[in-house]
Amino acid sequence: MHSLRLFINGFLIGIANIIPGMSGGTLALVLGIYERLIRALRHIGLSTVKNLLGVVRLKKEAFTTAETELRRIDFGFLALLGTGAIAAILLTSKLIVYLLNDHHDATYGFFCGLILTSILVPVRMLKQRGVKELLVLLIAVALVLSLSIGTNEKQLERVAYKSGSEIAVSDYVSSTAFPTYWDLGMFFGSGALAISAMILPGVSGSFLMLALGVYFRLLTAINTLVESIPELLNGVFGRPMLGSLLIIGVTAIGCLFGLLAFTRLLNYLLERYRNLTVAFLIGLMVGSLYGLWPFREFAIVDGERIDTAHILPQLDINLLVTMGAFLIGCGVIFLFARLED
């Protein structure tokens, strides 16, 4: 039962990590596994690789060393979370795109409910609330708002490109094009930055990828790979599948690099400056609410919805549905908190 729960937690975190504006770190915090996750990731290093590769010698002491190393890094915990997250990304990437395009306001209303209520979790972790904590919180809010505003500018560029405007940028060249060395370098760097953001509550890694101009191409690569599985089983390995594998593989390597480097810093901050670090995390969560505002101006280009600006809602059925979804999101977090207690 415990293993199933960890798998489901990983599945939920995986869903959060592919949604722009949603943070997997936030869900990890709400689910009560955040600090265990950071500690486990911090223990992974070059010694881990060395101890695990020792099994190729096929000696008894090498297997004993590998087993000890797996326990040290809490491998069972990480494996179940990782399996759940990967399953979520493969199974729900199309669903997320559908919900964001066809049921945008209600979907983001649900996410707002999740985030707003989940802020209560780290607030209870604060041992004191003073001027320093408030200042750190405001800095974090400003950081997330700057990322959100930058993303809105990227969305306007996408509209310009898809509409045939000459101000289009090269970031949005056909998502089906075979990746160049420059593209692969961008995906590696974006993966390293995004995974670092993903483990921070309130900072969305996919939101950062959107700002860097690689999000939609990565999502397209995942969908292309999933759709090509029947062809692969029939022995057909086409160029689009190879390009998708390269994009996903290089991004995954970048994520691993960022994960190993950043978790050590975060663990150090939690150990030495716990209260200020928690205040910073709260600020990130508060700031993310701007990026999750459901009501937007948008343009439909080639059948795709592209959000361009925030607007105030009108009193209509859409507002009622969105509010209903918001309340459901709040209820989900209260349910998780009750289960965790």
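In which helix is the place of Ile229? Ile229 sits in helix α13. The close-ups below come from a predicted model.

**View 1. A nonpolar patch on the surface is formed by six named side chains: Ile86, Leu90, Leu91, Val226, Ile229 and Leu233.** Together they have about 600 Å² of accessible area. Two elements, α6 (75–102) and α13 (229–233), each give two or more residues to this patch. Helix α6 provides the largest share, with three residues. Ile229, in helix α13, counts as partly exposed because its relative accessibility is 44%.

**View 2. Asp74 forms a salt bridge with Arg36.** The closest N and O atoms are 2.7 Å apart. This pair links distant parts of the chain, 38 residues apart. Arg36 belongs to helix α3 (residues 34–42), while Asp74 lies in the loop between α5 and α6. Arg36 is partly exposed, at 31% relative accessible area. Asp74 is also partly exposed, at 22%. The backbone of Asp74 deserves a look too. Its phi is near 55°, a positive value in a residue other than glycine. Most residues other than glycine have a negative phi.

**View 3. Arg71 and Glu67 form a salt bridge within helix α5.** Their closest N and O atoms are 3.2 Å apart. The two residues are four apart in the helix, so about one helical turn separates them. Arg71 counts as exposed, at 56% relative accessibility. Glu67 counts as partly exposed, at 47%.

**View 4. Arg217 forms a salt bridge with Asp183.** The closest N and O atoms are 3.3 Å apart. The pair links distant parts of the chain: Arg217 in helix α12 and Asp183 in helix α10, 34 residues apart. Arg217 counts as buried because its relative accessibility is 13%, where the cut-off is under 20%. Asp183 is buried as well, at 17%. The total for the model is five salt bridges.

**View 5. Helix α12 (residues 215–227) has the span expected for its 13 residues.** The expected value is 18 Å, and the end C-alpha atoms are 18 Å apart. Buried residues in α12 include Tyr215, Arg217, Leu218 and Leu219. Ala221, Ile222 and Asn223 are buried too.

**View 6. Helix α7 (residues 104–118) is mostly covered.** Twelve of its 15 residues are buried. Among them are His104, Asp105, Thr107, Tyr108, Phe111 and Cys112. The helix reaches 21 Å from its first C-alpha to its last, close to the 21 Å expected. Over the face of Tyr108 lies Arg296, at 5.3 Å from the ring centre.

**View 7. Phe188 and Phe257 form a tilted aromatic pair, one of two aromatic pairs in the count.** The rings are 5.9 Å centre to centre, with 35° between the planes. Phe188 lies in helix α10 (residues 181–198) and Phe257 in helix α14 (residues 239–272), so the pair ties together parts that are 69 residues apart in sequence. Phe188 is partly exposed, at 31% relative accessibility. Phe257 is exposed, at 52%.

**View 8. Trp293 and Phe295 form an edge-to-face aromatic pair.** The rings are 5.5 Å centre to centre, and the angle between the planes is 70°. Trp293 is partly exposed, at 31% relative accessibility. Phe295 is buried, with a relative accessible area of 7%.

Definitions and conventions. Residues numbered from 1 in each chain as written. Predicted model: local features only at pLDDT ≥ 70, side-chain atom pairs only at ≥ 80, totals over all residues. Heavy atoms only, no water. Patch = residues over 30% accessible without salt bridge, like charges linked within 9 Å, V, L, I, M, F, W, Y side chains within 5 Å. Areas by Shrake-Rupley, 256 points an atom, 1.4 Å probe, with all protein chains shown as cover. Salt bridge = Lys/Arg side-chain N within 4 Å of Asp/Glu carboxyl O. Buried < 20%, exposed > 50% of the residue type's maximum accessible area, 1.4 Å probe, protein only. Phe/Tyr/Trp six-rings, centres within 6.5 Å; stacked < 30°, edge-to-face > 60°. Lys NZ or Arg CZ within 6 Å of the ring centre and 35° of its normal. Expected span 1.5 Å × (residues − 1).
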